[in-house]
Amino acid sequence: MALIVDLLMQAVQMALVVAIAPVVLGVTRKVKARLLRRIGPPVLQPYRDLWKLMHKEAVLAHNASWIYRTAPYLIFAATWVAAALVPSYASGLLFSWSADLIAIVALLATARFALALAGMDVGTAFGGLGASREMMIASLAEPAMLLIVFTVALVAGTTQLSAIATIFSTGSVGLRVSLALGLFAFLFVAVAENARIPIDNPATHLELTMVHEAMVLEYSGRHLAVIEAASALKLVLYFSLIICLFVPLGIAGPGAGMADYTVGIAAYLGKLLVLAVLLPIGETSVAKMRVFRYPIFVGSAFAAAALAVFLLFVSKGF
Amino acid sequence: MSKLWFDIAHLLAGGMLVLSFALLYQDRIAAVINVFAVQAIMLSLSVAWQALVQDAPHLIVTAAIALVVKGFVIPTALHQIIRRLEIHREVEQVIGSGLTMLTGLGLVALSILLVQPVGEVSIYVREDLAFALAVILLGLLMMITRRNAITQVVGFMSLENGLILAATGAKGMPLVVEISVAFSILIAFIVFGVFVFRIRERFDTVDVSALDRFRGERRDA
Amino acid sequence: MIGPAEAVIVIPAVAVPLLAGVSSYRLGASLNILACTLTLVAATALLFGEHPRSNLLIIDDFNIFLIILTTFVGFTTSIFSATYLAHEIEIGRLTPLFLRFYHAMYQALMCAMNAALVANNIGLMWVGVEVATLSTVMMVGIYRTPEAIEAAWKYFILGSVGIGLAFFGTILIYLVAQDVVGDGLPAMSWDLLVKSAPMLDPKLLSLAFVFLLVGYGTKVGLAPFHAWLPDAHAEGPTPISAVLSGLLLNVALYALLRFKMVLAGNPAAINVGAIMVGLGLMSLVFAAFMLYRRRDIKRLFAYSSIEHMGIATFAFGMGGPLANFAGLLHMTMHSLIKSGIFFAVGHIAQVKGTQRIAAISGISVTHPVLAVLFSFGVIAIAGLPPFGMFTSEFMLVSSTFARQPILSIVLVAGLLVGFGALILRLQDIVFGDPTGKAHPAQASYVPAYVHLMLVLIAGLWLPEPVVEWFRSVAALLG
Amino acid sequence: MPGIDLPATTGLWCVAGFLGVAGIAVITGRHQAASSLIYGSALAVALVALGAALMAFLRPGPPWTLALPIGLPDIGARFRVDALSAFFLVVVNLGAAVTSLYALGYGRHEEEPRRVLPFYGAFLGGMNLVVLADDAFTFLLAWEFMSLTSWAIVLARHRDPANGRAGFIYLVMASFGTLCLLLALGLLAGPAGGYAFETIRLASHTPFTTTLAVVLVLLGAGSKAGVVPLHVWLPLAHPAAPSHASALLSGVMTKVGIYGFVRIVFDLAGMPNPWLGLVVLALGGITAVMGVLYALMQHDLKRLLAYHTVENIGIIFIGLGLALAFRANGMSVAAALAMTAALFHVFNHSVFKSLLFFGAGAVLTATGERDMERLGGLIHRMPQTALAFLIGCAAISALPPLNGFVSEWLTFQAILVSPDLPQWALKLTVPAVGALLALSAALAAACFVKAFGVTFLGRPRSPAAAAAGEVDTFSLTAMFLLAAICVLAGVLPGFIIDALSPVTSMLAGGTMPRQAAVPWMSIVPIAESRSSYNGLIILTFLIASGAMTAMVIHRFATRATRRSAIWDCGFPLDAPQTQYGSASFAMPIRRVFGSVVFNVHERIDMPRPGEIRAGSFRLRVLDPAWRFGYGPIGRVVTAVSTSLNQLQFLTIRRYLALVFGTLIALLVVVAIWR
């Protein structure tokens, strides 16, 4: 019986993240449009886009290989599994121990690997351009991310996400310099990884500045749909990471009842909404960067995270 | 034996040392050869004296060889060579004779210092040894301070005189005669070589004009 | 009745006039081989039966293996020289008349070296070494080319000075021993000298050793007395280079060691070890650097001989059971390997018609067998396993580092520098696009392969008796 | 009792077998079928050896020892198989077996088999012997023999001068390493010459001795393994050899180097001071990052792989350094964790690096090209090779659920334990090294996106690449075997970790928690509350969710698919040079790191519009190790030899003067001495 419930909860979590991903994206777009004095598309527009894409025929280049066709599913799957393992509304879910924070970072790396290969598959100038820039950014963002993981893990004494969430949600940890630095770094990394301004502009197709879009330039139809869904999912994943690492309030602990779960879900959705509103505000307040200024941007995140880790190595008190 | 006998031995040995200095000092080849001849005669005298002192008749042979070969045969041969090669007026020294003399004195001091502190070996052998060592070192010095082949040969021969002096000084040493013979042959070879290969200038090459380009592994090969 | 000890001297001595009389060079060569075979047999006979010492001759653990080694290498070299000279005659580089002279001198050399080895008398040993020197001088100059004559001349002069100094040292030793042992032959015989070493006057003993070191060191080829060695090796006929490197250097070193034994027995005497260590290291490092700029293949390996004599001297200078053992092994291995290398080099120079390294390349394409032979030789001389020299260098370096770290750092640096040069040349010669003639060499590879096989075996396993000899000698050397 | 030394005996017989194979090769080298015969028999011997090694590894008992009356007098040649050597025997012989299998196909394309075949068997035998040896002499003999034979293989293509240079540098560096090890072992053995490892193990070493020995071993074994800055020979020599030999050199021989380090430092040298751990750690971190950065700059596929070996060696040394530090502070469990991570990575790297070199070899045989700028689109021409290579790339980039990730994950876990270390310097170094490790992991991913993307994806950049064809079955079998191992070791790491526990208990004095006891076959470094990972479930989830998505899509979306020309934002250029190549892919990262790490010279010559001439782009990347290390050394040697060389041309009189001077000097010494 308990097992069934656990399985159910795990399933709910997985379904939930997928289900809400587009709407979160929609919200950010809407808010952004508003900030730019535009009406903007309806909040549910992303669902319609996906549906439309799914019903368009997929156009493949003559020399597209099987990698090109399977990559979208792999990307989606990797992102989804990662998202499923991040405690959103409840910690200590059935499979939460099957991968820790490091593994989640690595899963995202897998997705990125597949995406970059897909970008290079057809052999266009833009695909390669996107892939190479993506890997350059990642080569800085991923270490930063791992250092953030160190920070959290050193504070919590574990790399197990649900365990971390449980510990932090008790509030026993209190406010920590290191965690503040970690959050700062994490926000930068999240922006970079999700191809948002100032690193990348998801809305543009201006060739010389695009990174993420350059890789998926050739995609169309259902494949594009899957990739779009995956990137929406990734955004949600990062939001959930912020939530469970830095504001794990109201999260349902292990052995919670239905009530706790509903509370948890509500709290989770609320927090998502807040973040979805905050993100575009941040985006509209800065300008897009030149490609070769990325290192400084991501590097600062790296530096902050490294500082945090050093502090913690010196003393657990920070 | 009485002290006098040893003093005579010393006198002869000392005379050889003085002649070595004369060799160092001389810079005209003809003169050098003559001085050497005198030294050889002096050697034969001292060897003969040793034969008398140690009543070792076989040493007389050595003395005879020294007298005949080195006192007369070789000097005449050398005189012939220098006449043949028209170098009997050659004057060649690497460093000034004054400096050479000083070095020589230093060597003598060194050899005396080396041998002097007396051990069990009887005193007069010691002093003889000091003279012999000095003669050897001076001969070597002469070999490296002269550019001229003939003078270098002479230097080697005076070195060898020193050896014979030491050998004969060592009481009852076996094979001395044989060895002195061997040495004379050796020297004969060298002189022969100088003659045959027409070494006009120095030991550097067999014949300067022909061979400078042929020294082993020339830089410009 | 003459025992084997006398035989190893007498047989070659008899062969000298015989060979001088033989006009046909084929007959001469075969007679030469025959004489060497007989000598070898006599030498091996030394292994069996007792050998009573006399005031002139002695057979003990130290010289027995050196005698066998010498006669053996002499034997293999005689085989090699037969084919080598046949080729020289063909291309008219030598005339049969010179060959008569050559063979006679060869036997004279063997006789002299054996005499020096079996001698129990420092005077006799001195005579042996000097006769050996003179006979090799003759053979170095045999090609009559200006280079050859110049090399021979240099060898002759430096050698003669060495002779003189060594003789003076010998006289001094006699003088020292005279008071203790008494006049005449006894005062010159090894065993008595070693026995009475503690009573000898240390000061005069030290003085004597300095002269012996310079005198015999010239023969060993230690820097800075080495000058004659490279040219003599490069300009003489290759078989002579082989015996020079392989045997004569050993004999000279053997002489030095005998005297070291005497001094080792006298604690008050000067510390010989330090001097030998210094000279050894100097020769090693000097030769290692000199290897880089060599253009002549035989001169290259001549310098490597200097290097290895330096290593051996260093080992004996360090002293102690391990280092001495290593030194003895090193001597043995070096003479086998180096002569083997010279066999190979001789063939290479003959087929390519030159000794200039720059003109020889890619022989692994044109002459695979020769290439393998040569490579194994160089690899062995470079101290790489599984050849015997690796064993000796292993013992030496490891035991030194535990005692004198600084010295062993220098040693290792020198080894590495020399190693690099050898490998560089090895690759130039063996690999790359082939140059020069490709016609097959008419040569007997057997001697070289036999040498390398022995070295290989020694690298993996040392026979018990050899170990015993080395041990006892190492103990005596202190 | 009988059979107690079975693995040791079998091991020795296998060494003999390998040497025998070499012998056969010498005899039959000329023959047509020689290569099949040689590699076939090598495969057989390797399998036997692998069996024996596995037996010893999985059924750990007391060490099996054996002594032969050869080698050094009195000491003899001793052999020993304990947990450590058993593990490395497995690594070596696994590599040997798979390589021989691959070579059955690949070897046929060898133009001069006589330059490879005889040394192949000897090389394998040498590597086995190193791991078996139990006394200093045998160990070093085998060690140098290994270098020697591999040197011969590196020179197989001797007509290319570059290979000659590579071989020379390799052999000199190798012998430098051997001399360092010789010094270290000599130091440990002491002046009495107790060369048997047993004696050294039992002897008590002063801290100074231990420290010096460890430093020397770091130089010696490090140069063999390729630790920066001793790595320079590696990227020259490994690519020069035929590809199957490259796989052995990179995948296996470097591991033998690691074995040497572990054996001497952890087993023989006593308990070193924790600061040494710091040194090893820092070196490891630097090596990892430098290695991968160099790799990214390469455009020669095999050289890229070789440089990447340097990176992995760095990761292994990070693990070993941590293990040293923990052990010195008595944190045995943490030490066990770090040690396990290192050894696990040893195994993993040997697997996927061999796989990748096999792939490179396949590409080389199919196209005759190593330069990535002339490859591309091979995934259509050789799909199976592409698949295997892709798995290798993913594994070496440490992507879950493959094996590369597991060992790196374990290393991270070990780093996360390190705040408990008492020494401040370590406290401050470890996080820095952690950052370096993270950086190198990310760069590795970039590096292999480039390697796979440029080589196999896109459009062919040369006719040779366009005309390529799939390689033979043997090669493919070998590659897929290794790929399978990558996956298996990735999803079921618990078994390997448990199997490694005897090694860690022997060397680190502790073991990790028993993984077999953990439910659901996930792995737990220290405690489940701290962290755990389950590759199996991750894999299942990936497959399940991927399949689910695909199903959903195909259920609700149209299946309609149209093939058409490349869109490329509306203006496609069909010149294949318009694709991103190797140099252009690496450009952003070069911009970021290049100027810092090594001086990169880019010369771009762009014709102005209307000019009728080809533009050109020149790129020169210089390894600082050359500029600051080896270049100067070479110059010094040349200068010294040149100046000394004048002594060859003196006159006899001057030589006499030398003799005279020395004589006088010695006489003065005697005079003063008394």
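In what order do the elements of chain A run from the N terminus on? In this predicted model, the order is α-α-β-α-α-α-α-α-α-α-α-α. Chain A thus comprises 11 helices and 1 strand. Its C-alpha atoms fill a box of roughly 55 × 45 × 40 Å along the principal axes. The radius of gyration of chain A is 19 Å, which agrees with the value near 20 Å for a compact globule of 318 residues. Of these 318 residues, 61% count as buried. Contacts in chain A often span long stretches of sequence: among those between residues at least 6 apart, 80% join residues at least 24 apart.

The contacts of chain A with other chains were examined next. Four pairs of chains touch, and the pair A and D has the most contacts among these 4. No contact joins chain A to chain B, and the closest C-alpha atoms of these two chains lie 55 Å apart. Chain A and chain C also lack any contact, with their closest C-alpha atoms 40 Å apart.

Between chains A and D, 73 residues of chain A are in contact with 73 residues of chain D. On the chain A side, at least two residues each come from strand 1 (58–61), helix 3 (66–85), helix 4 (101–121), helix 5 (125–156), helix 9 (221–246) and helix 11 (294–314). Helix 5 of chain A supplies the largest share, 18 residues. By class, this side of chain A has 50 nonpolar, 15 polar and 8 charged residues.

The strand of chain A also pairs across the chains. Strand 1 of chain A is joined by 4 bridges to strand 3 of chain D, residues 561–564, and the two strands run parallel. Within strand 3 of chain D, T561(D) is the bridge partner of A58(A).

One helix of chain D was examined in detail. Helix 20 of chain D covers residues 493–507, 15 residues in total. From its first C-alpha to its last, helix 20 reaches 21 Å, close to the 21 Å expected at 1.5 Å a residue. The helix nevertheless has a kink of about 35° at S501(D), shortly before the proline P502(D). Buried positions in helix 20 of chain D include P493(D), G494(D), I496(D) and I497(D). A499(D), L500(D), V503(D), T504(D) and L507(D) are buried as well. Just after helix 20 of chain D, G509(D) takes a positive phi of about 70°.

Notes. Residues numbered from 1 in each chain as written. Chains lettered and ligands numbered in written order. Predicted model: local features only at pLDDT ≥ 70, side-chain atom pairs only at ≥ 80, totals over all residues. Contact = placed C-beta atoms within 7 Å. Nonpolar A, V, L, I, M, F, W, Y, C, P; charged D, E, K, R; others polar. Pairing = 2+ DSSP bridges. Rg over C-alpha atoms; globule rule 2.2 N^0.38 Å. Buried ≥ 20, exposed ≤ 12 C-beta atoms within 10 Å, placed from the backbone. Expected span 1.5 Å × (residues − 1). Bend = angle between axes of the 7 residues up to and from the residue.
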